[in-house]
Amino acid sequence: MSQDAVLRVSETSSVCIGRREAALSRVGALAVPGSIFLALFFLAPLCYLLALSLHPGGSMGRVGPEWSLVNYQRFLTDTYYLGILWDTGLFGASTALICAVMAFPFSYKLARMRGPWRTPLLFITVLPLLISAVIRNLGWIPVLSERGVLNQILQAAGLRAEPVEWIYNYTGALIGMVHVELPFMVLMLMAVIRKIDPALEEAAINLGAAPWQVFLKVILPLSRPGLVAGTLMVFMASISALVTPAILGGKRVMLMALYIDQQMRGLLNYPVGATAAILTMVAASVAMLLALKLGRSRV
């Protein structure tokens with residue numbers, strides 16, 4: 001290669017490097033406002049909660065001046081608090097599992113549909129998201145109450161002599177939470193299933209695979225990213241939900257969000273509430289990391 005060619009290659013490389021650095025600098029400049037926003041309204045409150053949890057708690061808004069781990073020690077050694085944390089995780093996992101089972105067939109049908117019904121069905125799926133969660137929860141009361149529609153149908157059909165307690169308990173909170181989070185799971189799964197080439201399913205069928213084998217060997221592994229993302233979204237939203245468990249659970253279902261609200265707003269015990277919030281966030285982060293690791297593992 002001649003010296004002129006070497007110089008031209010060097011100049012071209014320098015120009016490319018300069019353009020890339022300029023592009024990176026522009027991207028960095030665009031990220032500054034978002035970083036400032038997150039620092040002020042996300043990181044700073046978390047740091048304040050962490051610092052608040054390291055002080056002894058007290059009622060009526062009193063916070064001890066000394067630094068201590070007594071709140072964490074009491075929380076992690078008391079079976080009552082650990083039971084609340086366990087119930088919260090179980091509530092989130094149950095909601096995510098039910099949403100995944102209910103959403104997968106509908107999402108698959110919606111993703112493969114090419115007729116005029118696809119748009120109306122998609123609109124019906126998204127429609128609940130346009131209505132307040134409070135209104136949706138209140139709408140379940142005349143359906144699930146002792147004299148509600150569901151109990152009247154069961155009693156009229158002779159299936160039940162006494163009304164079933166569907167509401168103001170764990171069952172009512174779970175039904176309401178599934179109703180709230182199901183559209184998110186459907187949208188997540190549908191977006192991933194649409195990217196799966198139908199030719200792969202046809203090839204599996206031509207090779208003699210049964211429908212359940214096509215689902216287990218082709219559809220489910222390829223839709224795993226959407227399933228993991230939807231499960232994480234529903235799980236995180238469920239363990240931090242306050243309105244739905246409070247309305248449909250009747251505040252009889254003690255979850256971490258209700259406990260934190262009770263400590264923060266009812267008893268004004270800010271350090272204990274902050275401790276519960278930090279531990280909930282840590283538990284949710286661990287569950288998220290485990291789910292992401294599971295999602296990246298090979299089937």
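**Two helices and a cavity**

α5 and α6 are roughly parallel to each other.

User: What makes α5 and α6 count as roughly parallel?

Analyst: The axes of α5 (residues 133–144) and α6 (residues 149–156) cross at roughly 20 degrees. Angles under 35 degrees count as roughly parallel, over 145 as roughly antiparallel, 65 to 115 as roughly perpendicular and the rest as oblique. So "roughly parallel" is the label for α5 and α6. This is a predicted model, where local features need pLDDT of at least 70 and side-chain atom pairs count only at pLDDT 80 or more, while totals for chains, interfaces and linings use all residues. Residues are numbered from 1 along each chain as its sequence is written, and side-chain values use heavy atoms, with hydrogens and water left out.

User: Which residues make the contact between α5 and α6?

Analyst: On α5 they're P142, V143 and L144, and on α6 they're V149, L150 and N151 (contact means heavy atoms within 4.5 Å). They split into 5 nonpolar, 1 polar and no charged.

User: How many cavities of 30 Å³ or more are there?

Analyst: The count is 1. To be called a cavity, a set of points on a 1 Å grid over the protein atoms alone must fit a 1.4 Å probe that cannot get out. The largest cavity has a volume of about 40 Å³.

User: Which residues line the largest cavity?

Analyst: N71, R74, F75, Y81, Y259, V272 and T275 do (lining residues have an atom within 4 Å of a point). α2 gives the largest share, 3 residues.

Notes:
1 Å grid on protein atoms, 1.4 Å probe; cavity = no way out; pocket = protein on both sides within 12 Å on 5 of 7 lines; lining within 4 Å. Points joined across faces, edges and corners; volume = space filled by probe spheres on them. Helix = DSSP H or I, 4+ residues; strand = E, 2+ residues; numbered from the N terminus. Axes fitted to C-alpha atoms, helices over the stretch in contact; angles between N-to-C directions. Nonpolar A, V, L, I, M, F, W, Y, C, P; charged D, E, K, R; others polar.
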